Amino acid sequence: MYKYFSSRALRWIQTMTFAIKEINQRSDLLPQLKLGFHIRDSCDDIPVSLRASLLLVNGQPETGSRAESVNRDKVIIGDAGSGVSMALLRSLGSFHIPLVSYFASCSCLSNQREFPTFMRTMPSDAFQIRALVRLVSYFRWTWVGVIGVESDYARFAIQLFLQESVQYSVCAAYTHFYPVALSQQALDELMDVIQMTSAKVIINFSSESEMQGILREIKRRNITGLQWIASEAWATATLLWEKFGDLLTGTLGFAIRKADAIPGLKEHLASLRPAYIHESAFLAEFWEETFNCRLNGSVNSHSHGVHNYLDRLPCKGTENLEDIYSPYSDVTQLRVSYNVYKAVYLVAHALQDMSNCKAGKGPFPKGTCADPKNFKPWQLIHYMRCANFSALGAKVNFDQNGDPIAYYDLLNWQRSPEGSLHLVKVGFYDASSPAGHSLVINESVIQWPVGKQWLNFASQASRSVCSDSCPPGSRIARRKGKPICCFDCVPCAEGEVSNKTDSLECSRCSDDTWPNKARDLCIQKTIEYLSYYELMGMVLCAVSLFGACVSLSILAIFFTYKDTPLVRANNMELSFLLLVFLAICFLVGLLFIGEPSDWLCRIRYPAFGISFALCISCLLAKTVVVLMAFRSTLPGSNVMKWFGPNQQRASVLLGTVVQVIICLIWLLTSPPRANNNTDYHSATIIMECATGSEAGFWCVLGYISILACMCFLMAFLARKLPDKFNEAKFITFSMLIFFAVWITFIPVYVSTAGKYTVAVHIFAILASAFGLIFCIFAPKCYIIILKPEKNSKKNMINR
């Protein structure tokens, strides 16, 4: 039996009687029929409800009950509970009696194969669950507690929630069922679960009565800061506010669609007088509980007050419902009452459609119609499913499962300045809207709960997450064995970015871009090459030009003093050639500065190889000339005629042609090319000249080394020849410097990258060229310019 009297339930009953009375008075709806009713109390208990339903089906109303129909009842409007409705449907299935529920929302009842005679004006929980999941996802509550009473309603609702929440990355921190009769042990278990987790948002699938026990224990334990999400079963249970308003401030919940007003209902509810209520146990119980008095000859057999029923004073007969507030007469939140109203009109419109059927065009076999005054229950079901009507301006129709199109108001429990409850509509959910637009919320008017009971509201929603969101620049790494909402944030790997919160993966940047420091954006890579506009490039350019100028200046000096013994004695023609080739070597360094291109790369390396081959070939010829000149001074020697000027020129040309052939083969097989290198430093594009063929590059260097070795060997042999100014020893020194430079160059060249490799190459070219010019020509310039007295034939031939 009830532990408390439900004034709301009585309002639902009165709404049904009002709707039936309204229909019976209409001339446009069922003018030839009158609706009647029998009312039984299910006590929210399956055995009691089954007994009452079977009495109605069998046409045996209890003695003294009100009956306005002479026919056997054809439709049952009820029950409010999903579990009781399921039991009735299974028991009455063989009778095919239509059952229209105004409050049973379990999605399990949508199974038409199992419950073919069930319809309802209450949306299925499948819609409510979608709305709840979108609600918690909207506020980024990814870690929520889900509790519910042990019932089919809560069990199916929680199951649906867990399934639906996966696609929105919402996780249940816990799911907990508690019994209808809440013992202290059951409450302790529930409180322990709530307190042991970090979830601050709790969704509760229960009715008003179970919620009272939970809130009482929460208040006793002083648990604060919880954000309650109400299922539609208690989203408008205003009685909870009287004792637990501090705990419920900020509660959000979806409530079924509200009727702004049902014309005449308020007057109908307030028309109760003691003279009219003796015949109804419901009305008698309500009257005595509301006014705390005792009616003479009352048929009420229940007492829920704190005082003994017999101690109550007799009712005066002057009591008036308009003098007090009661949930029964409160018509500001006509939600379930509106469902009851629509349920009655559903039956009426189905009967009206049945009455409008024309013989031969009916929906049944051979076009037959049903008799509205003597129809089969399954015939009424057909018309009920096809019903399409308006109730108080709102369209009422049903899907293939007998469910109405879902529409919910999102309510926020707010404290008014006077301290009373104010249910504020802060949004809505419309299942008929396009995907992504079904939930609409006005955050600015929401009042949020806070951690302390004496504060009214917070300025923003609380956080309820297992793990903080991963910022851009990182990705989610799931924790093994944990829900998907529990994760770690791992920075994106090198070369990868993520530009949104909670990215599952990082994306790789393109070849010409690189992550910024935050790794949330791909930016253009730094382009690196040895430029004329940077300090190192400027210095090397200046040194190259200086070296070329020095070479040409010495050439000018030598040309000016070409008739002097010193110049003539050191093979003037080869000296001129060598100075020109050294100037070219210095200028070749300029080819290594600037942005590489294919044509520049194909000129750079051959120019370097050929210019140095010319220089070393000249030195080699000069060294041979020194040796040959000494041999020619010996008695009977005629060797110089075999190495005259023509042969010297030919030797230089021959030494250079070999290098030219090597370069041609290199260019024709695998030439150097411009290349964007990202291997050395991922954040930098190194613009370089790729050698194409490594063998070609090392063959060019190798051939220069062979010429240098030959030159060094001959100069070394001629270093001590009896001559006043022996040029061979200076060539020896120059070759030693040349070897030192290039032996040092090779490991440095291999170990560096980018513009520094190019700078090392230029440095080696300049250093070796300066070594040659200063070792060979500096002593001669010193004598020509500063010691002209030594630049005489006499001085040259004196030992």
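Here is a conversation between a trainee and a mentor about this predicted model.

Trainee: Let's start with empty space: how many cavities of 30 Å³ or more are there, and what is the volume of the largest cavity?

Mentor: Rolling a probe the size of a water molecule over the atoms shows where empty space is left. The count comes to five cavities of 30 Å³ or more. For the largest cavity, the volume is about 150 Å³.

Trainee: Which residues lie nearest the centre of that largest cavity?

Mentor: The lining of the largest cavity has 13 residues. By class, five are nonpolar, four are polar and four are charged. Nearest the centre lie R8, R11, T236, T238 and Q333.

Trainee: And which element gives the largest share of the lining of the largest cavity?

Mentor: The 13 lining residues of the largest cavity are the place to start. Two elements give two or more residues to this lining, α1 (7-24) and α11 (336-355). The largest share, three residues, comes from α1.

Trainee: Turning to cysteines, how many disulfides does the structure hold?

Mentor: A disulfide is a covalent bond between the sulfur atoms of two cysteines. One of those here joins C106 to C108, with an S to S distance of 2.3 Å. In total, the structure holds nine.

Trainee: Is the link of C106 and C108 right-handed or left-handed?

Mentor: Both C106 and C108 are buried. The angle about their S-S bond is 130 degrees, and the link is right-handed.

Trainee: C171 and C485 form a disulfide too, so how many residues apart are they, and why is the disulfide right-handed?

Mentor: The sulfur atoms of C171 and C485 are 2.0 Å apart. The torsion about their S-S bond is about 90 degrees, so the disulfide is right-handed. This pair links distant parts of the chain, with C171 in strand β5 (residues 171-178) and C485 in the loop between β16 (474-478) and β17 (487-491), a separation of 314 residues.

Trainee: Are C171 and C485 buried or exposed?

Mentor: The cut-off for buried is under 20% relative accessible area. C171 has 6%, and C485 has 3%. Because both values fall under that cut-off, C171 is buried and C485 is buried.

Trainee: For the disulfide that joins C509 to C522, which parts of the chain does the pair tie together?

Mentor: The S to S distance of C509 and C522 is 1.9 Å, and at -90 degrees about the S-S bond the link is left-handed. C522 lies in strand β21 (residues 522-524) and C509 in the loop between β19 (507-508) and β20 (513-515), so the pair ties together parts that are 13 residues apart in sequence.

Trainee: Of C509 and C522, which is buried and which is partly exposed?

Mentor: Relative accessible area settles this, with buried meaning under 20%. C509 has 8%, whereas C522 has 28%. C509 is therefore buried, and C522 is partly exposed.

Trainee: Why is the sulfur of C615 not bonded to that of C585?

Mentor: A disulfide needs the two sulfur atoms within 2.5 Å. C615 is buried at 0% relative accessibility, and its closest cysteine sulfur is that of C585. The two sulfur atoms are too far apart for a bond, at 3.4 Å.

Trainee: C618 is in no disulfide either, so what is its nearest cysteine sulfur?

Mentor: C618 also counts as buried, at 0% relative accessibility. A second, separate core of 73 residues includes C615, C618, V625 and A769. The nearest cysteine sulfur to C618 lies 6.8 Å away, and belongs to C615.

Trainee: What about the largest nonpolar core: which residues touch the most other members?

Mentor: This core has 137 residues. Its largest share, 13 residues, comes from α11. The residues that touch the most other members are F205, W228, L248 and L252.

Trainee: What span should helix α18 have, and how far apart are its end C-alpha atoms?

Mentor: Helix α18 (residues 694-717) has 24 residues, and at 1.5 Å a residue the expected span is 34 Å. Its buried residues include F697, V700, L701 and I704. The end C-alpha atoms agree with the expected span, being 34 Å apart.

Trainee: Finally, where is L30, and is it buried or exposed?

Mentor: L30 is not a glycine, yet has a positive phi of about 50 degrees. L30 is found in the loop between α1 and α2 (46-57). At 4% relative accessibility, L30 counts as buried.

Methods. Residues numbered from 1 in each chain as written. Predicted model: local features only at pLDDT ≥ 70, side-chain atom pairs only at ≥ 80, totals over all residues. Heavy atoms only, no water. 1 Å grid on protein atoms, 1.4 Å probe; cavity = no way out; pocket = protein on both sides within 12 Å on 5 of 7 lines; lining within 4 Å. Points joined across faces, edges and corners; volume = space filled by probe spheres on them. Helix = DSSP H or I, 4+ residues; strand = E, 2+ residues; numbered from the N terminus. Nonpolar A, V, L, I, M, F, W, Y, C, P; charged D, E, K, R; others polar. Buried < 20%, exposed > 50% of the residue type's maximum accessible area, 1.4 Å probe, protein only. Expected span 1.5 Å × (residues − 1). Core = buried A, V, L, I, M, F, W, Y, C linked by side-chain atoms within 4.5 Å.
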